[in-house]
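Reader: I'm new to this one. Could you walk me through how you decide what to call things?

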Amino acid sequence: MLEGYYRDGEPPWDSGVTPPELVALVEGTGSLTPGRALELGCGTGTNAVYLARRGWRVAAVDLVELAVRQAREKADAAGADVTVLCGDATRLDEVGVPGPYDLFFDLSCYCGIPPHRRDAYAAGLTRRAAPGARLLMFGYGPGAFDDSWSGVTADELRARFTGWELIDVTPGTNSVPTFWFTLLRDSAPV
């Protein structure tokens with residue numbers, strides 16, 4: 001199903017524009033020092049390329065092979081050093097992204113993962129997180145789609161991401177409930 005969106009050239013979640021929330025984290029007041037970043041559900045690579053151009057060493061993962069090919073082409077065309085891998089964000093041990101990472105970026109990947117696989121996603125990120133790492137996640141709220149399971153809440157993230165602190169929740173501007181979540185990994189050594 002997802003592959004069809006890329007084949008048709010119109011994945012609704014991939015606008016080709018880096019979200020201002022990521023730009024603010026990377027370039028704004030108190031911006032992060034570039035380090036290692038992992039993007040989950042990278043789509044065509046817009047945000048991975050943006051991070052690489054700002055000095056980050058970037059790995060990006062997507063489940064859809066066509067999206068991965070497009071992301072690699074976009075990175076090559078931009079001259080951006082991005083490692084783009086095809087794989088499941090809930091099975092990072094199989095993907096080849098050992099970390100540690102200072103920044104994780106997720107633009108609506110987690111909220112589309114079935115609930116029974118979300119603990120594996122959280123555990124995989126936690127194992128790869130440097131002390132003090134950030135996770136910036138965009139997610140749809142429950143009820144945004146016609147199913148009983150998609151969507152994410154602040155309470156769920158607090159429960160699933162052990163060793164992380166939810167430091168910000170900002171409502172999105174979409175016509176359905178959306179949120180930007182920022183989590184901070186504990187500074188204690190992993």
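Author: Sure, starting with a term: a salt bridge is a side-chain nitrogen of Lys or Arg within 4 Å of a carboxyl oxygen of Asp or Glu. Keep in mind that this is a predicted model, where local features need pLDDT of at least 70, side-chain atom pairs count only at pLDDT 80 or more, and totals for chains, interfaces and linings use all residues. Residues are numbered from 1 along each chain as its sequence is written, and side-chain values use heavy atoms, with hydrogens and water left out.

Reader: What makes Asp119 and Arg160 a salt bridge?

Author: Their N to O distance is 2.8 Å, and the cut-off is 4 Å, so the pair counts. Asp119 sits in helix H5 and Arg160 in helix H6, 41 residues apart (helices are DSSP runs of H or I, at least four residues, numbered from the N terminus).

Reader: Why is Asp119 called partly exposed?

Author: Its relative accessible area is 46%. Buried means under 20%, exposed over 50%, and partly exposed in between (1.4 Å probe, protein chains only), so that label fits. Arg160, at 22%, is partly exposed too.

Reader: Which residues join Asp119 and Arg160 in one network?

Author: Arg118 and Glu156, through salt bridges that share partners.

Reader: Why is Arg128 called buried?

Author: Arg128 has 5% relative accessibility, so it counts as buried. Arg128 also forms a salt bridge with Asp93, with the closest N and O atoms 2.5 Å apart. Asp93, by contrast, is exposed at 57%.

Conventions: Helices (H or I, at least four residues) and strands (E, at least two) are DSSP runs, numbered from the N terminus.
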